Amino acid sequence: MNFPKARLITLLSIAFLGAFFSANLQASSQPPNVLFIAVDDLRPELGCYGADHMKTPNIDRLASMGTLFKRAYCNVAVCGASRASLMSGIRPTANRFLRHTARQDEQAPDVPSLAEHFRANGYYSISNGKIYHFSADTPESWSEPAWKPDQGHARYLIAENAAIAEQNPKGRGPAFEAAEVPDNAYPDGMVADKAISDLHRLKAMDQPFFLAVGFIRPHLPFNAPKKYWDLYDRNSVRQPDNHFFPLGAPEEARYTFGELRNYSNIPDEVPISDPELRISLRHGYYAATSFADALVGKVVDTLERLGLAENTIIVLWGDHGWQLGEHTYWCKHTNFEVAVQVPLIIVDPRKPKGNKVNALVEYVDIYPTLCELAGLELPGHLQGESMMPLLLDPAAPGKTAVFSRFGRGESIRTDRYRYTAFFDGETIVSDMLYDHLADPHENINIVDIKGSEAIVETLQSTLLSHIEGRQ
């Protein structure tokens with residue numbers, strides 16, 4: 001059969017386009033991999049969050065590749081509990097996921113973890129470094145035993161510091177050190193090397209993967225190679241403007257940051273009065289953050305070099321916020337904004353790039369979001385909501401409120417306000433209200449200020465309903 005030349009060209013074009021779209025449809029039907037990156041004690045003081053003084057080019061690059069959530073919140077400000085809640089997709093309560101020692105397999109044994117759900121759906125799952133607080137937690141999550149470096153997270157490489165730590169029953173020496181060593185002399189560098197090796201293995205497998213990579217830094221002690229300390233001019237490191245207890249805050253909100261005071265060069269006094277020590281701690285935190293950032297970059301660079309990035313979802317998260325002298329506090333373990341606000345970046349190569357979402361989200365939302373992105377059925381136990389609408393349209397409406405808790409405090413965060421109630425049993429003994437429009441750093445508790453009554457009543461009622469409905 002003879003066709004006119006123009007028609008023949010059209011038919012060939014249609015055939016070519018059909019083959020092109022068929023190939024792309026076939027490629028897109030392949031289950032996406034997941035690279036799940038946890039960074040311990042990482043607060044959203046990063047370049048991509050507007051902190052120009054921070055040297056975090058690799059995390060900033062991740063943000064440009066995907067979606068950054070400007071107002072993401074953990075559900076409890078302590079590592080073990082936060083991780084168990086995130087990985088299980090269920091909220092902490094007054095009786096579940098309370099402390100750093102929380103374990104999902106003990107407190108929610110019948111709930112399949114995020115990694116376990118992916119594994120049950122054909123994924124090869126690996127855990128490197130700190131994902132759960134305890135590597136042995138929920139072992140059925142992983143296709144092979146969870147791995148951590150033998151040296152542990154508090155290893156010191158300067159001999160004097162190592163000697164001090166050896167004499168301490170808890171193995172804790174100074175709160176920081178800057179050693180002239182390569183990245184992989186510290187345990188986090190070893191975690192990055194292991195993850196890179198695993199990516200080579202996983203590429204050769206005929207199976208989608210869920211690779212979880214957990215970095216300890218910037219967790220205490222702030223031990224990082226000296227080159228990361230050298231990124232920052234000590235004279236440019238500034239203390240927070242609000243180095244004071246919030247005006248009008250109740251006694252239940254006071255906190256003595258015992259985690260930091262366990263280190264050998266930290267005095268027992270509360271608050272820390274030495275401004276030079278406070279600067280050193282902030283400097284150390286910045287160095288440790290840049291160290292973690294460099295390791296994130298090494299892993300992501302390998303993902304790209306191996307040609308895996310085109311079909312891999314990347315999630316970067318910190319388990320909770322961290323106080324660097326705000327309100328005179330250090331570490332986490334409070335109900336203030338700086339302790340519960342977290343960095344969250346999701347990269348899906350099939351979704352828009354470089355977006356920033358201002359809507360409220362919380363960590364129980366990660367599990368359903370990853371399920372939806374991977375095309376997996378959502379387990380019935382989940383208590384969060386998928387963030388898929390926000391990945392498609394960063395201006396889409398988000399939640400009206402998110403919730404967190406720590407100790408005897410329960411908090412609700414709305415677009416404008418943070419309200420926290422402190423309980424003795426079922427009785428509220430004190431509370432706090434902060435107006436983030438007028439007071440974004442939570443320096444003045446306005447719960448008893450005239451004109452706040454209606455706001456307090458509404459937020460308290462919503463919070464109590466949430467607590468009553470939580471399981």
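**Exercise 1. A patch on the surface**

Task: Find which residues form a nonpolar patch on the surface of this predicted model, and where L247 lies.

Solution: Start with the patch itself. F244, L247 and I444 make up a nonpolar patch on the surface, and together they have about 260 Å² of accessible area. Next, take L247 alone. L247 sits in the loop between α8 (226–229) and α9 (258–261). Is L247 buried or exposed? The cut-off for exposed is over 50% relative accessible area. L247 has a relative accessible area of 52%, so L247 counts as exposed. Please keep in mind that the model is predicted.

**Exercise 2. One side of helix α2**

Task: Work out which residues of helix α2 are buried, and what they pack against.

Solution: First, look through residues 57–65, which make up α2. The buried ones are N58, I59, L62, A63 and M65. Around the axis they cover an arc of only 160 degrees, which means that they are on the same side of α2. Now look across from them: the buried residues of α2 pack against β2 (67–73), α10 (275–305), β7 (312–318) and β11 (344–347).

**Exercise 3. The two sides of helix α14**

Task: Describe the span of helix α14, then sort out which of its residues are buried and which are exposed on the other side.

Solution: Begin with the span. Helix α14 (residues 453–469) has 17 residues, and from its first C-alpha to its last it reaches 24 Å, close to the 24 Å expected at 1.5 Å a residue. Now for the burial: V456, L459, L463 and H466 are the buried residues of α14. Looking down the axis of α14, you find them within an arc of 100 degrees, so they line one face of the helix. A general rule helps here: an α-helix has 3.6 residues a turn, so residues three or four places apart point the same way. Turn to the other side of α14, and you meet the exposed residues E453, A454, E457, E468 and G469. The buried residues of α14 pack against strands β13 (401–406), β14 (409–414), β15 (417–424) and β16 (427–435).

Finish with one residue of this helix, H466. Its relative accessibility is 13%, so H466 counts as buried. Beyond neighbours within four places in sequence, H466 is in contact with R91 and F403.

**Exercise 4. A residue in a loop**

Task: Say where S135 lies and which residues S135 is in contact with, leaving aside neighbours within four places in sequence.

Solution: S135 belongs to the loop between β3 (124–129) and α6 (159–167). With a relative accessible area of 28%, S135 is partly exposed. Apart from those neighbours within four places in sequence, S135 is in contact with A146 and K148.

**Exercise 5. Salt bridges**

Task: State how many salt bridges a search of the whole structure finds, and look at a few of the pairs.

Solution: The search finds 31 salt bridges. One joins R43 and E45, whose closest N and O atoms are 2.9 Å apart. R43 is buried at 7% relative accessibility, and E45 is buried too, with a relative accessible area of 10%.

Next, K399 and E362 meet through their side chains in a salt bridge (2.6 Å, N to O). This pair links distant parts of the chain, 37 residues apart: K399 is in the loop between α13 (388–392) and β13, while E362 is in strand β12 (residues 355–362). K399 and E362 are both buried.

A further pair is E410 with R405, at 2.8 Å from N to O, and both of these residues are buried. Last, D40, R83, K130 and D319 are joined into one network by salt bridges that share partners.

Key:
Residues numbered from 1 in each chain as written. Predicted model: local features only at pLDDT ≥ 70, side-chain atom pairs only at ≥ 80, totals over all residues. Heavy atoms only, no water. Buried < 20%, exposed > 50% of the residue type's maximum accessible area, 1.4 Å probe, protein only. Helix = DSSP H or I, 4+ residues; strand = E, 2+ residues; numbered from the N terminus. Arc of directions from axis to C-beta. Contact = heavy atoms within 4.5 Å. Patch = residues over 30% accessible without salt bridge, like charges linked within 9 Å, V, L, I, M, F, W, Y side chains within 5 Å. Areas by Shrake-Rupley, 256 points an atom, 1.4 Å probe, with all protein chains shown as cover. Salt bridge = Lys/Arg side-chain N within 4 Å of Asp/Glu carboxyl O. Expected span 1.5 Å × (residues − 1).
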